[in-house]
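Good morning, and thank you for making time for this presentation. Please look at the sequence and the structure on the screen while I speak.

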Amino acid sequence: MTGRRGGRPLVPAYLSTGGVARPSRAHLERLSVLTGTREPAPAGLPAAQLALLDALREGSLTVVEAAALLRLPVSAVRVLAAELIDRDLVLARAPIPPAARFDPDLLKRVADGLRALKHT
């Protein structure tokens, strides 16, 4: 989490997750939104999980934002977040899906209607 001059972390990512490689919750995506529940952190929580909870104190972050802030790979943050979700310390919301594609015919009709109003 604390880096050295070359930008590489002093602690390898797999150590920050306790050697766990896959999150317990497969639905966590890069753009899933994480929010702390404000529950007190139990004693003995690993430092990386405490750092994630601390980052979420100011508000919500996506998994990828939390990864950038903590200088950890997204895969490691997914593992950390899943463990905190399992402990009811963090809530996760699916990313907002992209808007449905608009109907070009509807857009043309609206534009035609606006032009018709302009000429009256």
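Let me begin with a definition: two strands are taken as paired if DSSP finds at least two bridges between them. Please also keep in mind that this is a predicted model.

With that criterion in place, I turn to strand β1, residues 33-36, and strand β2, residues 61-62, which are joined by two bridges and run antiparallel. In this pair, leucine 34 lies opposite leucine 61 of β2. Valine 33, for its part, has threonine 62 of β2 as its bridge partner. On its other pairing, β1 meets strand β3, residues 90-93, through four bridges, again in the antiparallel sense. There, threonine 35 is found opposite leucine 91 of β3.

Taken together, the three strands form an open sheet with the order β2-β1-β3 and antiparallel pairing. β2 and β3 are the edge strands and have a single partner strand each, so one side of each has no neighbour in the sheet.

Let me place this sheet in the whole chain. The protein contains five helices and three strands, and along the sequence these follow the pattern α-β-α-β-α-α-β-α. Of its 120 residues, 29% are buried. Among the contacts with a separation of 6 or more, 76% are between residues 24 or more positions apart.

I should like to stay with strand β2 for a moment. Is threonine 62 buried or exposed? Threonine 62, located in strand β2, has a relative accessible area of 14% and is buried, because the limit for that class is under 20%. If neighbours within four places in sequence are set aside, the contacts of threonine 62 are Arg30, Leu31, Ser32 and Val33.

The loop between α2 and β2 holds glycine 59. With a relative accessibility of 24%, glycine 59 counts as partly exposed. Its C-alpha atom is 7.5 Å from that of glycine 36, although the two residues are 23 positions apart along the chain.

I come now to the interior. Which residues touch the most other members of the largest nonpolar core? They are Leu34, Leu52, Leu84 and Val90, in a core of 25 residues. Two or more residues of this core are given by each of the elements α2 (47-55), α3 (63-70) and α4 (74-86). The largest share is that of α4, with eight residues.

Leucine 34 deserves a closer look. What does leucine 34 contact beyond its neighbours within four places in sequence? The list consists of Leu28, Leu56, Gly59, Ser60, Leu61, Val63, Ala81, Val90, Leu91 and Ala92. It includes Leu61, the residue that stands opposite leucine 34 in β2, and also Gly59, which we met in the loop between α2 and β2.

Next, the packing of the helices. α3 and α4 pack with their axes 9 Å apart, at an angle of about 110 degrees. These two helices are therefore roughly perpendicular to each other. Val63, Val64, Ala66 and Ala67 on the α3 side make this contact with Val74, Val77 and Arg78 on the α4 side. By class, the residues of the contact are six nonpolar, no polar and one charged.

α4 has a further packing arrangement, with α2: the angle is about 80 degrees and the axes lie 10 Å apart. That angle makes α2 roughly perpendicular to α4. From α2, the residues Ala48, Gln49, Leu52 and Leu53 meet Leu80, Ala81, Glu83 and Leu84 of α4. The contact of α2 with α4 comprises six nonpolar, one polar and one charged residues. Among them are Leu52 and Leu84, which belong to the group that touches the most other members of the core.

One residue of this contact remains to be described. Where is leucine 80 placed, and how accessible is it? Leucine 80 lies in helix α4, and it counts as buried because its relative accessibility is 0%. Between leucine 80 and proline 46, the C-alpha to C-alpha distance is 9.5 Å, while their separation in sequence is 34 residues.

To close, I return to two points. The sheet is open, with the order β2-β1-β3, and α4 gives the nonpolar core its largest share, eight residues. Thank you for your attention.

Methods
Residues numbered from 1 in each chain as written. Predicted model: local features only at pLDDT ≥ 70, side-chain atom pairs only at ≥ 80, totals over all residues. Heavy atoms only, no water. Core = buried A, V, L, I, M, F, W, Y, C linked by side-chain atoms within 4.5 Å. Buried < 20%, exposed > 50% of the residue type's maximum accessible area, 1.4 Å probe, protein only. Contact = heavy atoms within 4.5 Å. Axes fitted to C-alpha atoms, helices over the stretch in contact; angles between N-to-C directions. Parallel < 35°, antiparallel > 145°, perpendicular 65-115°, else oblique. Nonpolar A, V, L, I, M, F, W, Y, C, P; charged D, E, K, R; others polar.
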